[in-house]
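Trainee: I am new to this structure and would like a close look at one part of it. Please begin with the whole chain, so that I know where the part belongs.

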Amino acid sequence: MPKTQLTAQQERLQDDLRGVIDGEVRCDDVAIRLYSTDASLFECPPLGVVFPRNKNDVAATVRYASENGVSIHPRGAGTGHTGACLGHGLILDFTKYMRRVLQVTENSVITQPGATLERINRQLLQQQRRIGADSGFTPATAIGSVLAVDGAGSHWLSQGFPYQAVRKLQAVLSNGEIVTLERGTVIAENTSFAGQITQELANFLALPSAVKAIADQRSQAEGTPYRQGYRVCNAVLLDGQIDLTPLLIGSEGTLALITQAEIETSVAPNTSGMVFLMFDSLDKAMHAVPLIRVHHPAACELIDRRRLTLLRDWDSRLKSAIPYDSEAVLAVEFEGDDPLSVGDRMQDLINELRFDRQLCYTARVVFQPQEVSLYRDFTARSHLAAYRMRHSVSSVLRLEDAAVPIEQLSSHILAVQNLFKRYELAPSFFGHVGHGQIGVQPVLDFSDENALSRMYHLLSEYYDEVFRVNGSISSEQAFGWIRSSYLPAQFAKYYYIYEQVKRLFDPQGLFHPGKIVARNDLPPFRFRSSVMLHQEHRQNQETTSQDRTNVSDVSPTFNNNEGRLQRQLEVQLKWDSSSIAETTMRCNGCGRCRSREPQTRMCPVFRWDLNEESAPRAKANLVRGILDGKCGLGVLTSEQSRAVADYCVHCHICRLECPTEVNIPKIAFQTKCAFTAAHGLPLSDNFFSHLDQVLKWLALISCPVNWTITNRWTRWLYEKLLGISQARKLPKLAKISYLSRAGWYKRLSKPSRRRDRKVALFVDIYANHFETRIADAAVKVLEHNGIDVYVPGRQQPSGMFSFSCGRRDRAERISRKNISLLADIVRQGYQIITLEPTSAICLRDEYGYLYNDSDALLVAANTCDVMTYLHKMHLDGKLQLNFSPIHTTVGYHAPCRSLVLAKMHLSEQTPAEQLLHLIPGLTVRRLEHGCCGMAGSFGILARTFRRSLRMGMPLFSALRAPSIMIGASECNLCKMQMEQGCNKCTLHPIILMAHAYGFLPDIAQVLASARIR
């Protein structure tokens, strides 16, 4: 195995820190790569990454860094757009271990910095409380980042800044001293470092020039959402003493590292409502903002026409929500305790703007809790919608954080539009316009060689325009690396105070050097790989158009010592660098894949393991580093790289929520294939990749095999040899496979002569070798509805196990045989029907990783699962509805891949669920409690069996409800997991449909026993 080459400094750092902290220290190339980027356009490889477990680890790391002159860079979710969490020194990731909510009191919460704001508020909601001040991308944003930035979030109008709610802080200073600060109190011990800072700062701020400067800061800060950097005016108490707490909040980790905070909570409103005001021009919308402020809304968001179009494409639920002729929409939120008063306020606003002022041409009121949740998600997605634009670099430049006086909004937007016209760019506008925050997002195509210089010129002129109207360049996001150089112009009258504050708190300049207080002696950040790859991609395309030789679109530079491994991968892996580069470039690091919101299923693995390596974006960051040559080729075949790829279980659910629809399973597959090509597969993975061949022979001795499944000694042997957990309930092997039986019947094994209404049934491993009645039920249901069914005898299994473990050679053989067979069948007029969504995903998407020819595209375009096919028949009015009643209650679990196939949100009903509702007497309860945790072999292997059960525990708890008799799911692996976690029978929906049609009479006994139990 190729070893990570560490520098002497990294080796010494790793060895020293591991001896003094309880947490983890990593300096390997994989960790460095994953923490080199955030959601900005820049990247900066750190020296190492530290994962502290407690405050003592933080203090020990700071002391070590101080002794060795290493800079410190605290990091939360890494979702900022200004390079705020990047640096050349040590990254401290608080989200892995220091993420606990320590205590919830009657009116406050004590939390560690790594806990997400969304999770804290979800826990507080049980007591009808909340942390009202929000900042950044709240589903992924850590509370430490919220306090470090202290930005004016979407609810600034009603909740103000986060610093106003902070009672106590526990922090580590630059010498490693741990201090506890209480709001409104002064540190009296002059012997401590904190006491010395307090005394020296008090003396400095007592100077007449400083007093005047503080008065200037106070006048600018009062009543505005402008971020101040260091809130000196709030740190000076009435008697001239210094309270350090407001200085640390909003300092972006440049003065101290917050390790614990006590935050005051507020009462959550009983009623929330939203008004969506539609305008036929952006100018009218801006003129309406001052009028809206008079009605005291909780929030007011702008969404322009470009984003509305992208949002409709992203989420089908929104297609009918907003009229297509809207040039701009203002989403205005109201909160209160009395529903009537909230409703009256909303109606008063509509009357004024629509009828009295005639500014908006229509409005929509959203009052029901489910609708409010939907439209909140709608406005949240609007900030990410521009990432979905095609033919542009994935990380587009965002100028989303400037704030101007609301009276200047209209003229400011007009000036910005004229500025963009000079640069021949079309801006997209959004933001929290209720308090003057306006976001501008130009789409810069970085394949243009002049794009970078144009970006810098545009940025400078845009900030000049903000200053012209007495605005601020930052209101919500961190100043970070890109904006700090503009702060002397923003805070010209008191910037020298910031420099003095920084010197007192951090004499060595170790905490986030170059942030807020800019420095010119630091190495510059580089543009991230996606930018540079995009430029190289364009240049190589031009080369290819001029010279028709075989030139790769993006060719990574490999070390000469790795030439043998490179040739091996070229032969065995068949790396298509242009295809994988195009996929990785789409990832912008926005952090949407780190969301753990209950209304999404984004990456079930990350929900269980809150580690950057398990986040979907980690796969893209890693492979992008290989492509641009910043990581050696040996990293691709290292154990660390394989571990990152193994966190992907190919559920494809991340593609639903990702703004740019990055195909993470494709990236993970390529990474796994690289490791397999260099090292081979363990016996357990080899067994599963050849499972279909093994089962053909085992079917000859099915009775002894089924006996071994229930015998504890043979199960012990299975675990030791094949890695199959002894505790996993395994299905019994059928005596005769379904495909063998189907070959005996001419009506199934011979193609039909009909020209319409005929399908080819694709039968995968589970329905073929284990529960063959699923295929029987599908055939009976289809034929009952007048559809001819053809079961091709030469079909191979889908090969999903080969894809998930990275066995490329076998995946190629299986997919090529199936593509050749099924493409010919499609040309004969057949629709390919699978029995479970996993097979459909494999035929539609996974095969495309290997082949992109006309046959593969033809198969992909004509494949769906059986429940989707029947649901389409129902919508067309062709489905027979002569169902007999089934009097029972079924708990239905929607598989991740079913949601992906239908491209639907969790709140929508899947085709299978809608079909079950057609059966009389059948009560269907949707069990929307996340992923079941099975994830293919992940839930079967002993090394991950317990993890899979923990992932599925919320689902099991819901299924155990006494009112639910049986479970239902169209994914057979989900069925296995549901029966593992709950002693209730789980059936495929097609079986329930067949029984309701009068087929499969033995199911009646299963239902009867479920009622008795």
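Trainee: How many helices and how many strands does the chain have? Then, which strands does helix α3 lie across?

Mentor: The chain has 47 helices and 28 strands; these are DSSP runs numbered from the N terminus, H or I over at least four residues for helices and E over at least two for strands. The model is predicted, so local features need pLDDT of at least 70 and side-chain atom pairs need 80 or more, while totals for chains, interfaces and linings use all residues. Residues are numbered from 1 along each chain as its sequence is written, and side-chain values use heavy atoms, without hydrogens and water.

The chain as a whole comes next. Its C-alpha atoms fill a box of roughly 100 × 75 × 65 Å along the principal axes. The radius of gyration is 30 Å, which agrees with the value near 31 Å for a compact globule of 1013 residues; the radius is taken over C-alpha atoms, and the rule is 2.2 Å times the number of residues to the power 0.38. Of the 1013 residues, 63% are buried, meaning under 20% relative accessible area (exposed is over 50%, partly exposed in between, with a 1.4 Å probe and protein chains only). The chain exposes about 38400 Å², and carbon and sulfur atoms supply 50% of that area, computed by the Shrake-Rupley method with a 1.4 Å probe. Among contacts (heavy atoms within 4.5 Å) between residues at least 6 apart in sequence, 75% join residues at least 24 apart.

Now the part you asked about. Helix α3 spans residues 55-68 and lies across β3, β4 and β5. It runs at about 170° to β5, where angles go from 0 to 180 degrees between N-to-C directions of axes fitted to C-alpha atoms, for helices over the stretch in contact. These three strands belong to an open, mixed sheet of four strands in the order β1-β3-β5-β4. At its edges are β1 (24-26) and β4 (72-75), each pairing on one side only. On average, neighbouring strands in this sheet are turned by 20° against each other, direction ignored. Within the sheet, β3 (residues 48-51) and β5 (residues 90-93) are parallel and share three bridges; two strands count as paired if DSSP finds at least two bridges between them. G48 has L90 of β5 as its bridge partner.

Helix α3 also lies across β9, β10 and β11, and here it runs at about 50° to β9. Those strands are part of another open sheet, with five strands in the order β6-β7-β11-β9-β10 and antiparallel pairing. β6 (101-104) and β10 (178-182) stand at its edges with a single partner strand each, so one side of each has no neighbour in the sheet. The average turn between neighbouring strands of this sheet is 15°, direction ignored. Six bridges link β9 (residues 166-172) with β11 (residues 257-264) in the antiparallel sense, and A171 stands opposite I258 in β11.

Parallel pairing also appears later in the chain. β21 (residues 758-762) and β23 (residues 831-834) are joined by four bridges, with V759 opposite Q831. β23 also pairs in the parallel sense with β24 (residues 863-865), over three bridges, and I833 stands opposite C864 there.

For another helix, take α24 (residues 616-627). All 12 of its 12 residues are buried, so α24 is largely enclosed by the rest of the structure. From first to last C-alpha it reaches 18 Å, close to the 16 Å expected at 1.5 Å a residue, that is, 1.5 Å times one less than the number of residues. A620 sits in this helix and is buried at 0% relative accessibility. Leaving out residues up to four places away in sequence, A620 touches T584, C587, I664 and I667. G629, which follows α24, has a positive phi near 80°.

Two loop residues complete the tour. Most residues other than glycine have a negative phi. K903 has a positive phi of about 50°; it lies in the loop between α42 (896-902) and α43 (911-916) and is exposed at 60% relative accessibility. L1000 has a positive phi near 50°; its loop runs between α46 (989-996) and α47 (1003-1012), and L1000 is buried at 12%.
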